[in-house]
Amino acid sequence: MAENTTLIVSAFSGLAGALITQALTGLFAYVGDKRKADIENKKDYRAKKVEIAEHYYYVTGETMSILKKSVQLWKGRNIQRSEASYKSMTESLAEADARLKQMHAANWRHNLIGLYFDVTLSYDELIAANNKSHELYLKILDIGSKLRAADSEEDSERYLGQYSVGIFDLCNQYDKIYDILASDMHKVKTALHQSFQV
């Protein structure tokens with residue numbers, strides 16, 4: 001009887017050992033697979049962040065360059081120039097604006113920056129800033145038309161002053177947007193550097 005008991009206990013302990021081994025093997029496999037899946041997800045997420053950041057950097061860098069060029073051109077319009085100079089400046093501004101629109105349409109991924117990074121100038125705020133810039137631009141055009149049609153020296157001087165203030169306001173708006181974009185580019189760069197640190 002004692003032999004049977006020993007044999008039964010031995011069989012149960014062997015079975016228990018096998019079950020524990022199988023359970024631990026399954027648990028370790030599950031933990032390992034989960035860890036591999038987490039690593040893959042993080043890798044994919046980081047790759048997507050890099051892709052979005054690259055597009056953002058390209059479009060934002062070009063936008064900042066165009067903003068600086070626009071400020072220079074607008075400040076140049078505030079100086080008395082020939083009609084040919086005004087025409088050249090107007091054409092340059094139109095080309096810069098068309099290039100910016102084309103770039104934004106072709107590089108839509110930069111609009112996704114808010115999904116991956118904490119930027120100040122969100123897509124909605126960027127549209128609002130562009131609308132304000134456009135409003136200031138139209139104001140300058142209206143004043144410019146009044147300036148060209150002025151009948152008296154007094155009206156001409158008054159409109160010239162308003163024109164100068166309008167250009168100052170538009171350039172100030174462009175400079176503000178430029179500074180925010182520069183700050184956002186720095187935030188994106190810092191966040192990317194942190195995501196690659198182990």
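# Briefing on a five-helix predicted model

D184 lies in helix α5, and this briefing starts from that residue before turning to the rest of the structure, which is a predicted model. The secondary structure of the protein comes to 5 helices and 0 strands, and reading along the sequence gives the pattern α-α-α-α-α. Of the 198 residues in the protein, 26% are buried. Among the contacts with a separation of 6 or more, 80% are between residues 24 or more positions apart.

**D184 in helix α5**

- D184 has a relative accessible area of 0%, and because buried means under 20%, D184 counts as buried.
- Leaving aside the neighbours within four places in sequence, D184 is in contact with Y56, V119, T120 and L121.
- One of these contacts, V119, is 65 residues away from D184 in sequence, yet the two are 5.3 Å apart in space when the distance is taken from C-alpha to C-alpha.

**T60 in helix α1**

- T60 has its place in helix α1, and with a relative accessible area of 3% this residue is buried.
- When residues up to four places away in sequence are not counted, T60 touches L181 and M185.

**Y159 in helix α5**

- Is Y159 buried or exposed? Y159 lies in helix α5, and its relative accessibility of 16% falls under the 20% cut-off, so Y159 counts as buried.
- Not counting residues up to four places away in sequence, Y159 touches I143, K146, L147 and A150.
- Y159 and G144 are separated by 15 residues in sequence, while their C-alpha atoms are 7.6 Å apart in space.
- R158 lies over the face of Y159, at 4.8 Å from the ring centre.

**Aromatic rings and a second charge over a ring**

- A search of the whole structure finds 1 aromatic pair, and the rings that form this pair belong to Y45 and Y116.
- Why is the pair of Y45 and Y116 described as tilted? The ring centres are 5.5 Å apart and the planes meet at 40°, and an angle that is neither under 30 degrees nor over 60 counts as tilted, so the pair falls into that class.
- The pair links distant parts of the chain, since Y45 is in helix α1, which covers residues 2-77, and Y116 is in helix α3, which covers residues 113-116, with the two positions 71 residues apart in sequence.
- Y45 has a relative accessible area of 43%, and because this value lies between the 20% limit for buried and the 50% limit for exposed, Y45 is partly exposed.
- In another part of the model, the charged end of K68 sits over the ring of Y178, 4.4 Å from the centre of that ring.

**The largest pocket**

- The largest pocket has a volume of about 870 Å³, and of the 35 residues that line this pocket, the closest to its centre are D97, L100, N130, S133 and Y174.
- Which elements give two or more residues to the lining of the largest pocket? They are α1, α2 (83-106), α3, α4 (123-148) and α5 (153-195).
- Among these elements, α1 gives the most to the lining of the largest pocket, with 9 residues.
- Sorted by class, the lining of the largest pocket has 19 nonpolar, 13 polar and 3 charged residues.

Methods: Residues numbered from 1 in each chain as written. Predicted model: local features only at pLDDT ≥ 70, side-chain atom pairs only at ≥ 80, totals over all residues. Heavy atoms only, no water. Phe/Tyr/Trp six-rings, centres within 6.5 Å; stacked < 30°, edge-to-face > 60°. Helix = DSSP H or I, 4+ residues; strand = E, 2+ residues; numbered from the N terminus. Buried < 20%, exposed > 50% of the residue type's maximum accessible area, 1.4 Å probe, protein only. Lys NZ or Arg CZ within 6 Å of the ring centre and 35° of its normal. 1 Å grid on protein atoms, 1.4 Å probe; cavity = no way out; pocket = protein on both sides within 12 Å on 5 of 7 lines; lining within 4 Å. Points joined across faces, edges and corners; volume = space filled by probe spheres on them. Nonpolar A, V, L, I, M, F, W, Y, C, P; charged D, E, K, R; others polar. Contact = heavy atoms within 4.5 Å.
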